[in-house]
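Me: I would like to go through this model by question and answer. Please keep the replies short.

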Amino acid sequence: MMLSPAEIDALMLSLKIAAVAVTGALPLAIAAACLLTFGRFPGRFLIDAIVHLPLILPPVVMGYLLLISFGTRAPIGAWLLHNFDIRLVFSWTGAALAAGIVSFPFQVRAIRIALENIDPGLHQAAETLGAGPVDRFINLTLPLALPGIIAGAITAFSASLGEFGAIITFVSNIPGETRTLPLAIYTAIQTPGGELAAARLAALSIGLALCGLIISEMMMRGIRQKLMGLARP
Amino acid sequence: MTLQIDIRHKIGALHLDACFNVDRPGITALFGPSGSGKTTLINAIAGLIRPDHGTITLNDNAVFDRKNNIHLPPRKRRVGYVFQDARLFPHLSVRKNLYFAHRRSPSPLPDSEIDAIITMLGIGGLLSRRPAKLSGGEKQRISLGRALLGNPDILLLDEPLSALDQARKNEILPYLEALRDQRRLPILYVSHAIDEVARLADNMVVMENGQVRASGSVFDILARTDLTALTGQFDTGAVIPATVTGHNKQGGISYLGCAGHQLIVPLLPPSPLDRDAAPDMIANLPPRQTRLHIRARDVMIATTIPDAISANNILPTTIFALTPVTPDGIDVALRLGHNHSNTEKPLTSPVIHARITAWSAQRLDLQLGQQVYAIIKSVTVDGKMRETDA
C-alpha cells in the first residue's frame, strides 16, 4: 500500500509529537515518581491528585484548560510569546504539550511501581559500601527502575499517538501542523466520500500499533535479560 | 583498631542497652536468641539506625555521639557489612558488585590484596556472572568479598549463614575461618547458632532482651554453667584451642596438640581450603590451628590410669569444680594437667567438663584439687564429631 503525501504527513507528525511529548515529560515523570515514592511531606496526596488529573478529566477539558492558560492572550501563553516568542496554540509544539500532559500519568505510574519494587535493603547495602545519595540514584535507583521507565514511556507513547480531544481543542486541526493520525481519520469521516481515506488511515494506525507492540516486547525482553541475567542459558 | 559501644535504643518492645568494647582482630560473636537486639546493635554501628542515647567510637573517632549531635552516615564509617540475605546488586555483574566499594573507597586496596581476597574466597571463576545465576553460598561469599574490597576497619556479619542449608553452611565456614586467620581485621559476627560461634569466634558477647549478659573469650563463656539456659542448645562441654600437628596415614590417625598434651583422632581429611592437596599428601600438610569441642557426656573420669582400655585419649587433669546440674548429675570441671593448685588463676590451662552421676562421684570420692584422668571418647574437630576409641 503506497502512502499519499498527506498520509505520510499525518504519520510523521504523529510520531514526532508523541516522541517529543514522551521525552519532554520523562525527566518530570521520574522526578514526580521519586517524590511520590520516597517523599514524606504533608500535601503529598495533592501532588498525587494533580499528577493523575489528566487520567480522570475528559481530554476536551484538558484541552480547554490548556487553551485558557497557554492561549496567546492567556497569562502563561502571553508571557511565553512576549519573552521567548513561543506560540503553542495552533502549532505542533502545543500538540506535543497536550499529548505530554495527557500521557504523563501513565509514565509516573509505571515508574512508581518500579521504584516501589526496589528492595530498600539494596540502598542500605550501597550506603555501607560508600555510595552517597546522588551516586545511589544514578547507579542503583535508575538502572533498577529502567524496565518501569521504558514500560511507562511505551505506554505514554501509544497514548500520545492516539490523543484526540486535548489536541483538537487546544491546537485545532491544521494539515501538516497539528493534524495527527486520529485527527486525519476524523477529518476523512467528516468529508463526504472519505470512507476509503478513513479506512486506509485506520489500517495505518493498526499497523503502527502492532509494530509498536512487537518493538516494545523485544525491548523489554532485552532489558530484563541485561538487568537480571534471566532467560539466558 | 577499637570499637567502643555504649548505647541505649528503644525499638518496638525491645530496649537495647549495650556497652562493650572490641579491641582486637579476630571474630567477636554477638550471640543471643532472636529478638535480643543483635541486628539492631550492628545496624547502629553501621549507621543504618540512630540510637536514642549514647556513643559509638571506631578507632577513637566518634561515629555517633548523641550529646554532641554526631551521626556519621554509613558511607563515612569504614565498616564492611555482610547482610543475612547477601543483597548483591542484581543489575551488576559479580565483578562490578565486588568492586563497588573498592571504587568508592578513600583508601583503596592494592590489586595484590584484591587478588588475595578473591583467591581466598574461591570466587575467581564467578566474576562475569550475574547474581541471579549464583547459589546461596556463592552469593554470600561474593557479599563477603564486596565488603572486604572496600578496605573496612571492621567487618559486620549479620547471620551470614542463617539463610543457607547445612551443606551450604559447611561450604562457607572454612572461608570464614580463613578470613579470621589470614586477615587482621576485627569481625563482629551476629549469630544465634552456638555451634557456629564455638567453631568461629574468639570472643563472644551474650545478649538477652537487649542487654549484654556476659562477654569474654569464647572458651570461658562456653565453659560457664550459669549461661547454659542461653547457650543451651549446644551440647554442654568445652571448646578448646588445638593444633593439628601431624598425621599417620598407615595407622589412619591424626595427632592434635593441646596445651602440651596429645590427642589422637581418626585421620582428618584435608581442610576444604587445601583443595589442591592430593589425598596422599595429607601427611605432609603443615600444622594448622583448629578448635575442639569436647562434650561433657563424652568424658569419663578415672582415679588411676587405666591400662587395658580401647580409648586412646587419656589426659591427666585436676578437678577444680564440682557443680550439681541435675538432681542426679554432676558437672566436673577438669583443668588439663596435674599439680594445679586450686587457687591458680583461671585461663592458664584449658578446662574440659565431664558429666557424671552423683552416685559415681560419691563412689570415687571426688574432691576439689584431686588429680584424676579424663578419658575422652569423642571430640568434634572442624565441626565434625570423631569417635576416638574406635
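The turns below cover the chains, the contact between them, the core and a few single residues.

Me: What kind of model is this, and what pLDDT do local features need?
Reply: This is a predicted model, in which side-chain atom pairs count only at pLDDT 80 or more, totals for chains, interfaces and linings use all residues, and local features need pLDDT of at least 70. Residues are numbered from 1 along each chain as its sequence is written, with chains lettered from A and ligands numbered from 1 in the order in which they are written.

Me: How many helices and strands does chain A have?
Reply: Helices (H or I, at least four residues) and strands (E, at least two) are DSSP runs, numbered from the N terminus. Along the sequence, chain A reads α-α-α-α-α-α-α-α-α-α. The count is 10 helices and 0 strands.

Me: And how many helices and strands are in chain B?
Reply: Chain B has 390 residues. Its elements number 9 helices and 22 strands.

Me: What share of each chain is buried?
Reply: A residue is buried if 20 or more other C-beta atoms lie within 10 Å of its own, exposed if 12 or fewer, and partly exposed in between, with C-beta atoms placed from the backbone. In chain B, buried residues make up 41% of 390. In chain A, with 233 residues, the share is 36%.

Me: Among contacts in chain A between residues at least 6 apart, what percentage join residues at least 24 apart?
Reply: Two residues are in contact if their C-beta atoms, placed from the backbone, lie within 7 Å. For chain B, residues 24 or more positions apart account for 67% of the contacts with a separation of 6 or more. For chain A, the value is 73%.

Me: Which element of chain B gives the most to the side that touches chain A?
Reply: The contact takes 22 residues from chain B and 17 residues from chain A. On the side of chain B, the elements giving two or more residues are β7 (79-82) and α2 (94-104). With 3 residues, the one that gives the most is α2(B).

Me: How does the side of chain B that touches chain A divide by class?
Reply: Ala, Val, Leu, Ile, Met, Phe, Trp, Tyr, Cys and Pro count as nonpolar, Asp, Glu, Lys and Arg as charged, and the others, Gly among them, as polar. The side has 12 nonpolar, 3 polar and 7 charged residues.

Me: Which helix gives the most to the largest nonpolar core?
Reply: A nonpolar core is a set of buried Ala, Val, Leu, Ile, Met, Phe, Trp, Tyr and Cys residues joined through C-beta atoms within 7 Å. This core has 160 residues, and those touching the most other members include A:Ala98 and B:Leu30. With 15 residues, the helix that gives the most is α5 (residues 92-116) of chain A.

Me: Are α1(A) and α5(A) parallel or oblique to each other?
Reply: Axes are lines fitted to C-alpha atoms, for helices over the stretch in contact, and angles run from 0 to 180 degrees between N-to-C directions. The axes of α1 (residues 5-38) and α5 of chain A come within 6 Å and cross at roughly 40 degrees. Angles under 35 degrees count as roughly parallel, over 145 as roughly antiparallel, 65 to 115 as roughly perpendicular and the rest as oblique. The two helices are therefore oblique.

Me: Is A:Val171 buried or exposed?
Reply: A:Val171 lies in helix α8 (residues 165-171) of chain A. Its C-alpha atom is 8.7 Å from that of A:Ala98, 73 residues apart along the chain. Because A:Val171 has 29 C-beta neighbours inside 10 Å, it counts as buried.

Me: Is A:Phe84 buried or exposed?
Reply: A:Phe84 lies in helix α4 (residues 75-84) of chain A. It has 8 other C-beta atoms within 10 Å, so A:Phe84 is exposed.

Me: Is B:Glu159 buried or exposed?
Reply: B:Glu159 lies in the loop between β8 and α5 (166-182) of chain B. Its phi is near 40 degrees, a positive value in a residue other than glycine. With 21 C-beta neighbours inside 10 Å, B:Glu159 counts as buried.

Me: Where does B:Asn151 lie?
Reply: Phi of B:Asn151 is also positive, near 55 degrees. With 19 C-beta neighbours inside 10 Å, B:Asn151 counts as partly exposed. Its place is the loop between α4 (136-149) and β8 (154-158) of chain B.
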